[in-house]
Amino acid sequence: MARTKKRRNAGRSKHGRGHVGYLRCSNCSRCVAKDKAIKRFTVRNMVESAAVRDISEASVYPEYVIPKLYIKIAYCVSCAIHSHGQREGRRNRAPPPRVRWKDGKKVNPAVVAAEEAKANKA
């Protein structure tokens, strides 16, 4: 007798693999399968926003860029639901905006489009 299934993928993305490694939840250290864990890549400033101005004023360099923290966080299902972190960007399958280079500088396509629209209005 076949049992009913709640999800087609059984809450995992293991398809066809017999075994998957485990990793620890970043919040509670629970052991969770790598394919089942909710993974988020966060990019944050190393310094909180309140101290950025103080550091830039005290810096010797005129345009010192404060380094960023790049962290890959993995949550177990319980912690992901509790922190509401899994809801952002749901079903957003579009690739992230590509970085364009012009004269050796990064050019954000969205900013360029906004500037052009502003110039056309004036």
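Reader: What share of the 122 residues in the protein do buried residues make up?

Author: Buried means under 20% relative accessible area, exposed over 50%, and partly exposed in between, with a 1.4 Å probe and protein chains only. In this predicted model, buried residues make up 14% of the 122 residues. The model is a prediction, so local features need pLDDT of at least 70 and side-chain atom pairs count only at pLDDT 80 or more, whereas totals for chains, interfaces and linings use all residues. Residues are numbered from 1 along each chain as its sequence is written, and side-chain values use heavy atoms, with hydrogens and water left out.

Reader: Which pattern does the protein follow along the sequence, and how should its radius of gyration be read?

Author: Helices (H or I, at least four residues) and strands (E, at least two) are DSSP runs numbered from the N terminus. The protein has 3 helices and 6 strands, and along the sequence they follow the pattern β-β-β-α-β-α-β-β-α. The radius of gyration is 22 Å, well over the 14 Å that the globule rule gives for 122 residues, so the protein is more spread out than a compact globule. That radius is taken over C-alpha atoms, and the globule rule is 2.2 Å times the number of residues to the power 0.38. Taken along the principal axes, the C-alpha atoms fill a box of roughly 70 × 40 × 25 Å.

Reader: How many salt bridges does a search of the whole structure find?

Author: Side chains of opposite charge can pair when their charged atoms come close. A salt bridge is counted when a side-chain nitrogen of Lys or Arg lies within 4 Å of a carboxyl oxygen of Asp or Glu, and the search of the whole structure finds 2. In one of them D35 pairs with R12, the closest N and O atoms being 3.1 Å apart. D35 lies in the loop between strand 2 (31–33) and strand 3 (38–45), and R12 in the segment before strand 1 (22–24), so the pair ties together parts that are 23 residues apart in sequence. D35 is buried, with a relative accessible area of 11%, while R12, at 25%, counts as partly exposed.

Reader: Where do R53 and E57 lie, and how far apart in sequence are they?

Author: R53 and E57 are 4 residues apart in helix 1 (residues 49–58), and are therefore separated by about one helical turn. Their side chains meet in a salt bridge, at 3.3 Å from N to O, and both R53 and E57 are exposed.

Reader: With which residues is K36 in contact, leaving aside its neighbours within four places in sequence?

Author: Contact means heavy atoms within 4.5 Å. By that criterion, and with those neighbours left aside, K36 is in contact with G11, R12 and V77. K36 is found in the loop between strand 2 and strand 3 and is partly exposed, with a relative accessible area of 34%.

Reader: What is the sign of phi at S29, and what is it at D103?

Author: S29 is not a glycine, although its phi is positive, at about 65°; S29 is found in the loop between strand 1 and strand 2, and at 42% relative accessibility it counts as partly exposed. D103, likewise not a glycine, has a positive phi of about 55°. D103 is placed in the loop between strand 5 (100–102) and strand 6 (105–107), and at 76% relative accessibility it counts as exposed.
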